[in-house]
Amino acid sequence: MEHFKVYSNGLFQFPKSDDGCWETELTLPTGPVRIDINTSGTEMAEPLLNRIRDFLVNVEAFDKAARTAIMADFAGGNGNDSASRLYLSHHLAQFSPAERVQYFGTGRTGSIGIEHLLVSLRLRRMGLYPESDDRPAVLDYTIGEGATQYVLAAVFNAEGEFLNLSMES
């Protein structure tokens, strides 16, 4: 995987890649985010870049949109219908009281809700797939890399519209 550069003026630099994969790390107010781009070619063609350009220059806006979708999923789902509820309940059951305090700010399971989950979630990765019509952008959220192997994955279409949320490992 080759590293690509993002410049403040909205330009990008992609070296030739043997495997069609590039990565970089951006620093958001919430912390570092790994960005990886995956294609079937060895060079980043302008049409492919144009399909994902908005995601690259508006990472914070898509983070905000994903967090809004996570809140809506939590509010509208019940039990197995809600990826965010499943993510939270899984970790509440797995964590000790001390770990719940560490990640959610309180050890009392019954008082931990969506507001605690949203504060603890960190955008750790944005995967971009410019050749995909179904899911060209996937944002992966975690409560802690050392705490869990599971992420909440928010999927967006090529128009930048939120599609779905799932818990993945």
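This passage walks through two helices, the aromatic pairs and a few individual residues of a predicted model.

Helix α1 is a good place to start. Spanning residues 46–57, α1 has 12 residues and reaches 15 Å from its first C-alpha to its last, close to the 16 Å expected at 1.5 Å a residue. Its buried residues are Leu48, Leu49, Ile52, Phe55 and Leu56. Viewed down the axis of α1, these buried residues fall within an arc of 110°, so they line one face of the helix. The general geometry helps here: an α-helix has 3.6 residues a turn, so residues three or four places apart point the same way. The partners of the buried residues of α1 include both strands and a helix: they pack against β3 (12–13), β5 (31–38), α2 (59–76), β6 (122–128), β7 (137–142) and β8 (151–156).

Helix α2 can be read in the same manner. With 18 residues, α2 should span 26 Å at 1.5 Å a residue, and the 25 Å between its end C-alpha atoms agrees with this. Buried in α2 are Val59, Phe62, Asp63, Ala66, Arg67, Ala69, Ile70, Asp73 and Phe74. Down the axis of α2 the buried residues fall within an arc of 160°, so here too they line one face of the helix. Turned away from that buried side is a face carrying the exposed residues Lys64, Ala72, Ala75 and Gly76.

Among the buried residues of α2 is a charged one that merits its own mention, aspartate 63. The relative accessible area of aspartate 63 is 8%, under the 20% cut-off, and so the residue counts as buried. Neighbours within four places in sequence aside, aspartate 63 is in contact with Leu123, Leu139 and Tyr141.

The aromatic residues come next. A pair of aromatic rings is described by the distance of the centres and the angle of the planes. The structure holds 9 aromatic pairs. One of them joins phenylalanine 55 and phenylalanine 62 in a tilted arrangement, with 4.5 Å centre to centre and 40° between the planes. Phenylalanine 55 is buried at a relative accessible area of 1%, and phenylalanine 62 is buried at 7%. Phenylalanine 55 is among the buried residues of α1, while phenylalanine 62 is among those of α2. Another tilted pair consists of phenylalanine 95 and phenylalanine 104, whose centres are 6.2 Å apart and whose planes meet at 35°. Both partners are buried, phenylalanine 95 with a relative accessible area of 7% and phenylalanine 104 with 5%. Elsewhere, ring pairs link Phe4, Phe12, Phe14 and Trp22 into a cluster.

Phenylalanine 74, one of the buried residues of α2, takes part in a contact of another kind. The charged end of arginine 85 sits over the ring of phenylalanine 74, 4.3 Å from its centre. Arginine 85 also figures in the surroundings of serine 82, whose side chain reaches the backbone nitrogen of arginine 85 at 3.0 Å. Serine 82 belongs to the loop between α2 and α3 (83–94) and is buried, with a relative accessible area of 1%. A polar contact of 3.2 Å joins its side chain to that of serine 84. Not counting residues up to four places away in sequence, serine 82 touches Asp73, Phe74 and Gly77.

Glutamine 102, in helix α4 (residues 97–104), has an exposed position, with a relative accessible area of 56%. The side chain of glutamine 102 makes a polar contact of 3.5 Å with the side chain of tyrosine 103. Glutamine 102 and serine 120 are 18 residues apart in sequence, and their C-alpha atoms are 9.4 Å apart in space.

Serine 120 appears again around threonine 142, as one of its contacts. Threonine 142 is found in strand β7 and is buried, with a relative accessible area of 3%. Leaving aside neighbours within four places in sequence, threonine 142 is in contact with Tyr87, Ser120, Leu121, Arg122, Arg124, Thr148, Tyr150 and Val151. Of these, leucine 121 lies 21 residues away along the chain, with 5.3 Å separating the two C-alpha atoms. The side chain of threonine 142 also reaches the backbone nitrogen of glycine 144, at 3.1 Å.

Technical notes: Residues are numbered from 1 along each chain as its sequence is written. This is a predicted model: local features need pLDDT of at least 70, side-chain atom pairs count only at pLDDT 80 or more; totals for chains, interfaces and linings use all residues. Side-chain values use heavy atoms; hydrogens and water are left out. Helices (H or I, at least four residues) and strands (E, at least two) are DSSP runs, numbered from the N terminus. The expected span of a helix is 1.5 Å times one less than its number of residues. Buried means under 20% relative accessible area, exposed over 50%, partly exposed in between (1.4 Å probe, protein chains only). The arc is that of the directions from the helix axis to the C-beta atoms. Contact means heavy atoms within 4.5 Å. Rings of Phe, Tyr and Trp (its six-membered ring) pair if their centres lie within 6.5 Å; planes under 30 degrees apart count as stacked, over 60 as edge-to-face and the rest as tilted. A charge sits over a ring if NZ of Lys or CZ of Arg is within 6 Å of the ring centre and within 35 degrees of the ring normal. A polar contact is a pair of N or O atoms within 3.5 Å; within protein, one must be able to donate a hydrogen and the other to accept it, and residues adjacent in sequence count only if both atoms are side-chain atoms.
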